[in-house]
Structure formats: structure tokens, C-alpha cells
Amino acid sequence: MMLEHVLVLSAYLFAIGIYGLVTSRNLVRALMCLELLLNAVNLNFVTFSDFFDSRQLKGNIFSIFVIAIAAAEAAIGPAIVSSIYRNRKSTRINQSNLLNK
């Protein structure tokens, strides 16, 4: 696969993630858009590692770290969202004013 095709796909995923993160009012949707952003970054790491530096695998190692961060976010994020829902009865971002009290 050509480098340009993968970069366009990654830019498209990143743009969808940014748009969803900026416009979403639901915490669950914001977490899903954050996952899209992390997947776009992983795609770039692996592509550039394969294209420019195929012997040292630096991009693949970085992508493993990003996958670990995404797994931690996927484990802790829903727990935080469910805790906010239990206390506030809403998962809307603009209604979760937890720092006011």
C-alpha cells in the first residue's frame, strides 16, 4: 500500500475524531472519539516505521505504548462515566460540573 493512501486514511480518522470530540455532548461518545484519535496516531506510527525505518521498529514500539494507554483509557473511562452517571443521572458533558462543589 502506498504511503499517501495510509496517510489520507489516518488524517480522515483523526479529523473524524477531532470533530466528534469537539461537538459531542455525551461522555461516552467523547471517549470513542478519543479512541479514534489514538488509532489514527497508531496508524501513522506503524506506517512511518515501515516506510522509513523497517529494521529498528521504533514506530511499532511507540504504537504498543499508545495501545497500552488506550487500553487503560478504555478500562478507566467507562468506570468514571458510570460513576458520574450514578451521581448526576446524566452523561452529558455540559451538565457534569463536578468541580463546583
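These legends accompany several close-up views of a predicted model.

**View 1. The whole chain is built from three helices and zero strands.** Following the sequence from start to end, you will meet the pattern α-α-α. Of the 101 residues in the protein, 25% are buried. Among contacts with a separation of 6 or more, 54% join residues 24 or more positions apart.

**View 2. Helix 1 meets helix 2 in a left-handed crossing.** Here, helix 1 covers residues 3-23 and helix 2 covers residues 27-52. Their axes come within 8 Å and cross at roughly 160 degrees. Because angles over 145 degrees count as roughly antiparallel, helix 1 is described as roughly antiparallel to helix 2.

**View 3. A closer look at the residues between helix 1 and helix 2.** On the helix 1 side, the contact includes Leu3, Val6, Leu7, Phe14, Gly17 and Leu21. Helix 2 contributes residues including Ala30, Cys33, Leu37, Asn44, Thr47 and Phe51. What is the make-up of this contact in nonpolar, polar and charged residues? It divides into 18 nonpolar, five polar and no charged residues. Gly17 and Gly20 of helix 1 are part of the contact, as are Phe48 and Phe51 of helix 2.

**View 4. Segments listed as "transmembrane region" in an unreviewed UniProt entry.** That entry gives residues 6-23, 30-49 and 61-85. In the model, residues 6-23 are 100% helix and 0% strand, with the end C-alpha atoms 26 Å apart. Residues 30-49 are likewise 100% helix and 0% strand, and here the end C-alpha atoms lie 29 Å apart.

Notes. Residues are numbered from 1 along each chain as its sequence is written. This is a predicted model: local features need pLDDT of at least 70, side-chain atom pairs count only at pLDDT 80 or more; totals for chains, interfaces and linings use all residues. Side-chain values use heavy atoms; hydrogens and water are left out. Axes are lines fitted to C-alpha atoms, for helices over the stretch in contact, and angles run from 0 to 180 degrees between N-to-C directions. Helices (H or I, at least four residues) and strands (E, at least two) are DSSP runs, numbered from the N terminus. Angles under 35 degrees count as roughly parallel, over 145 as roughly antiparallel, 65 to 115 as roughly perpendicular and the rest as oblique. A crossing is left-handed if the near helix is turned anticlockwise from the far one by less than a right angle, and right-handed if clockwise. Contact means heavy atoms within 4.5 Å. Ala, Val, Leu, Ile, Met, Phe, Trp, Tyr, Cys and Pro count as nonpolar, Asp, Glu, Lys and Arg as charged, and the others, Gly among them, as polar. UniProt positions are given in the numbering used here, feature names are shortened, and annotations may be inferred rather than shown by experiment. Buried means under 20% relative accessible area, exposed over 50%, partly exposed in between (1.4 Å probe, protein chains only).
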